[in-house]
Amino acid sequence: MSKSLGNVISPQEVIKHFGADILRIWVVASDYSEDLRIGPDILKHQVDAYRRLRNTLRFLLGSLDGFTDDESIGFDEIPELEMFILHRLFELNKIIREGCESYDFHSIFTVLHNFCSVDLSSYYFDIRKDCLYCDHSENLQRRAARTVMAEVFSCLTAWLAPIICFTAEEAWLHRHSKETDNGPVSVHLRQFPMVPTKWDNIPLSKKWQRIRTIRRVVTGAIELERSAKRIGASLQACVKVFLPDEDIKLFSGQPVADICITSAAELSADVPPENAFRLEEVPEIAVLVTEAIGNKCDRCWKIL
């Protein structure tokens with residue numbers, strides 16, 4: 001920037017139009033080992049990143065409405081998918097603490113943003129949203145989901161507090177408005193939560209990363225059918241997934257249809273037909289999509 005050229009972007013102007021948290025995101029997302037750049041397009045990218053973080057916190061707040069410690073369940077009762085999310089919190093905790101020690105804030109923001117957009121929004125939240133919406137409040141899976149979401153919320157608000165100060169405080173106080181007799185405790189008076197070592201589970205993580213890859217092929221096949229107007233929502237679909245035996249074993253005891261967000265799902269080790277959907281990067285997985293047969297449930301919208 002040059003004052004004489006008049007191409008200076010004033011911090012006050014950025015704050016006026018986008019808010020201080022957006023400017024702070026630009027700072028923390030910038031790699032200060034290289035030349036720093038700022039402009040309307042770059043700021044728009046930071047606004048999109050902020051929206052992802054804020055929407056993640058909003059989803060957590062909505063899902064945790066009314067949640068108390070009495071509803072939480074023990075670690076031994078938690079399903080595998082929730083254990084995978086706890087493992088991701090363990091991994092993030094290590095990365096974030098090391099990043100703070102080495103002033104590598106760029107990496108901290110990158111992993112937090114990817115966690116919110118990839119692990120949570122497009123994977124975990126997507127799978128569990130119907131359970132949260134439809135199942136009874138005493139349902140064990142629903143209680144497990146809310147138990148883990150409470151841990152996610154606790155970690156995220158603490159980790160994001162130095163970056164998006166106002167948003168983290170707003171979210172924290174919305175959930176903890178009566179923390180003590182003397183009033184709420186600010187998120188900025190907290191320490192980073194201590195993450196238990198028992199959450200670390202690398203084999204389980206590899207398993208659910210592979211399941212996510214398989215699910216991506218299923219999602220691609222469903223989107224193709226939706227684009228062709230042969231089905232509407234994914235719950236109108238019945239899928240047959242062709243995959244190797246070792247991949248079939250990964251789904252043992254797991255609700256395949258719920259993971260794929262379909263009304264029915266079948267796994268097969270047979271040779272897939274030529275017209276089955278495939279992704280170039282995962283050639284060993286193939287998917288056939290047909291319309292689910294049955295009646296639509298008014299509560300869960302599955303075709304049963």
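Helices (H or I, at least four residues) and strands (E, at least two) are DSSP runs, numbered from the N terminus. The legends below use these names for a model that is predicted.

**Figure 1. Ile-261 in the loop between helix H10 and strand S2.** The helix before this loop, H10, covers residues 256-260, and the strand after it, S2, covers 264-268. Ile-261 is not a glycine, yet its phi is positive, at about 55°. With a relative accessible area of 10%, Ile-261 falls under the 20% limit and is therefore buried. Among the residues in contact with Ile-261 is Ile-127, which is the subject of a later view. For orientation, the protein as a whole has ten helices and four strands. From the N terminus, these elements follow the order α-α-α-α-α-α-α-α-β-α-α-β-β-β. The C-alpha trace spans about 65 × 55 × 35 Å along its principal axes, and 45% of the 304 residues are buried.

**Figure 2. Surroundings of Ile-127 in helix H5.** Helix H5 comprises residues 105-134. Ile-127 has a relative accessible area of 5% and is therefore buried. When neighbours within four places in sequence are set aside, Ile-127 is in contact with Leu-81, Arg-215, Asp-258, Ile-259 and Ile-261. In sequence, Ile-127 and Cys-260 are separated by 133 residues, whereas their C-alpha atoms lie 7.5 Å apart in space. For the protein overall, contacts between residues at least 6 apart in sequence join residues at least 24 apart in 75% of cases.

**Figure 3. Cysteines without a disulfide.** A disulfide is a covalent bond between the sulfur atoms of two cysteines. The search of the whole structure gives zero disulfides. For Cys-260, the closest cysteine sulfur belongs to Cys-238 and is 11 Å away, which is too far for a bond. Cys-260 is also buried, its relative accessible area being 8%. Cys-300 is likewise in no disulfide; its nearest cysteine sulfur, in Cys-297, is at 3.7 Å, and a disulfide requires the two sulfur atoms to be within 2.5 Å.

**Figure 4. The aromatic cluster of Phe-59, Tyr-124 and Phe-125.** The structure contains five aromatic pairs. In one of them, the ring centres of Tyr-124 and Phe-125 are 6.2 Å apart and the ring planes make an angle of 45°, so this pair is tilted. Tyr-124 counts as buried because its relative accessibility is 1%. Phe-125, at 4% relative accessible area, is buried as well. Together with Phe-59, these two residues make up one aromatic cluster.

**Figure 5. The stacked pair of Phe-153 and Trp-172.** The two rings of this aromatic pair are 6.3 Å apart from centre to centre, with 10° between their planes. The pair links distant parts of the chain: Phe-153 belongs to helix H6 (residues 140-160) and Trp-172 to helix H7 (residues 165-175), 19 residues apart. Phe-153 and Trp-172 are both buried. Trp-172 has a further partner in Arg-190, whose charged end sits over the tryptophan ring at 3.9 Å from its centre.

**Figure 6. Arg-212 and the ring of Tyr-123.** Here the charged end of Arg-212 sits over the ring of Tyr-123, at 5.0 Å from the ring centre. Arg-212 is a residue of helix H8, which runs over residues 202-227.

**Figure 7. Helix H8 and its two ends.** Helix H8 has 26 residues, and the distance from its first C-alpha to its last is 37 Å, close to the 38 Å expected at 1.5 Å a residue. At the start of H8, Asn-201 places a side-chain oxygen within 3.1 Å of the backbone nitrogen of Leu-204. Beyond the helix comes Lys-229, a residue other than glycine with a positive phi near 65°. Lys-229 lies in the loop between H8 and strand S1 (237-242). Its relative accessibility of 72% is over the 50% limit, so Lys-229 counts as exposed.

**Figure 8. His-87 in helix H4.** Helix H4 spans residues 80-101. His-87 counts as buried because its relative accessibility is 1%. Apart from neighbours within four places in sequence, His-87 is in contact with Trp-199, Asp-200, Asn-201, Ile-202 and Ser-205. One of these, Asn-201, is the residue whose side-chain oxygen reaches towards Leu-204 at the start of H8.

Technical notes:
Residues are numbered from 1 along each chain as its sequence is written. This is a predicted model: local features need pLDDT of at least 70, side-chain atom pairs count only at pLDDT 80 or more; totals for chains, interfaces and linings use all residues. Side-chain values use heavy atoms; hydrogens and water are left out. Rings of Phe, Tyr and Trp (its six-membered ring) pair if their centres lie within 6.5 Å; planes under 30 degrees apart count as stacked, over 60 as edge-to-face and the rest as tilted. Buried means under 20% relative accessible area, exposed over 50%, partly exposed in between (1.4 Å probe, protein chains only). A charge sits over a ring if NZ of Lys or CZ of Arg is within 6 Å of the ring centre and within 35 degrees of the ring normal. The expected span of a helix is 1.5 Å times one less than its number of residues. A polar contact is a pair of N or O atoms within 3.5 Å; within protein, one must be able to donate a hydrogen and the other to accept it, and residues adjacent in sequence count only if both atoms are side-chain atoms. Contact means heavy atoms within 4.5 Å.
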